[in-house]
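User: I'm new to reading protein models and would like a close look at one part, the sheet and what packs around it. Could you walk me through it slowly?

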Amino acid sequence: MVKIGITGGVAAGKSTVSAYLRKKGFLVICADEVSRELTKKGGDAIAKIQKEFGKSYFDEEGNLIRKKLSDLIFSSEEARIRLNSIMHPLILRDIEKQLSKTSENVVFIDMPLLYEIGLDKAVDKVWLVSGDMDIRKERLIKRDKITKEKALNIIKSQLSEEAKKSRADVIIDNSGDIKNTYLRLDGLIRDLNI
């Protein structure tokens, strides 16, 4: 099995790339989807998050108040480290579980913090989705309905794009026309020789 990590800064277009690969019939394991499952009511991360951060981050039904926790972790590096220490092992466990259940020849793992948690060492190749910083900021502000300040805090919380570019096997520039991104992906898929 060939494992290809897909990473990139927030709002660079990883989801767009992953959706296209799924449309082409590939298995894509998305860390953000795994995270949402772990943090929904009754998910494996809920009790640990409640113990670490308190009940004030949950509504009366026991659902995580995502925006409140997000505001905290993107304003406090210490809080972000605490949350990551809960989430990353659980996410990696679930990814491993999904990998063990598949017989696909090629599997893509979409993970924003691929380098930050060392998953780059567990994949065969890394495809970096890259994008113009101003475009990414605007996408993030519009998508998440957040302030420019919070968008910058989120972007700063990740490894820089320059550092990621220096370590990636493939760079997919998603700054321009989406058709160009799809053409680039078609070429990369052909190069897989499957």
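Analyst: Let's start with a bit of vocabulary: helices (at least four residues) and strands (at least two) are DSSP runs, numbered from the N terminus. Keep in mind that this is a predicted model.

With that in hand, the protein chain comes to nine helices and five strands. If you read along the sequence, the pattern goes β-α-β-α-α-α-α-β-β-α-α-α-β-α.

Now for the sheet. Which order do the strands take? The five strands form an open sheet in the order 2-3-1-4-5, with parallel pairing. Strand 2 (27-30) and strand 5 (170-173) stand at the edges; each has a single partner strand, so one side of each is left without a neighbour in the sheet. On average, neighbouring strands here are turned by 25° against each other, ignoring direction.

Let's zoom in on one pair. Strand 1 (residues 2-7) and strand 4 (residues 125-130) run parallel and are joined by four bridges. To find your place there, look for I4, which stands opposite K125 in strand 4.

What lies across the strands? Helix 2 (residues 31-39) lies across strand 2 and strand 3 (106-110), and runs at about 50° to strand 2. Helix 9 (residues 178-191) lies across strand 4 and strand 5, and its angle to strand 5 is about 155°.

There's one more residue to pick out, D94, which you'll find in helix 5 (residues 77-100). Is D94 buried or exposed? D94 has 17% relative accessibility, and the cut-off for buried is under 20%, so D94 counts as buried. Leaving out residues up to four places away in sequence, D94 touches V34 and L38.

Finally, step back to the whole chain. Of its 194 residues, 45% count as buried. Take the contacts with a separation of 6 or more: residues 24 or more positions apart account for 71% of them. The C-alpha trace spans about 50 × 40 × 25 Å along its principal axes. A compact globule with 194 residues would have a radius of gyration near 16 Å, and the protein chain has 17 Å, so the two agree. As for the outside, the protein chain exposes about 10,700 Å², and carbon and sulfur atoms supply 50% of that.

Technical notes
Residues are numbered from 1 along each chain as its sequence is written. This is a predicted model: local features need pLDDT of at least 70, side-chain atom pairs count only at pLDDT 80 or more; totals for chains, interfaces and linings use all residues. Side-chain values use heavy atoms; hydrogens and water are left out. Buried means under 20% relative accessible area, exposed over 50%, partly exposed in between (1.4 Å probe, protein chains only). Contact means heavy atoms within 4.5 Å. Two strands pair if DSSP finds at least two bridges between them. Axes are lines fitted to C-alpha atoms, for helices over the stretch in contact, and angles run from 0 to 180 degrees between N-to-C directions. The radius of gyration is taken over C-alpha atoms; the globule rule is 2.2 Å times the number of residues to the power 0.38. Accessible areas come from the Shrake-Rupley method with a 1.4 Å probe; for residues, only the protein chains shown count as cover.
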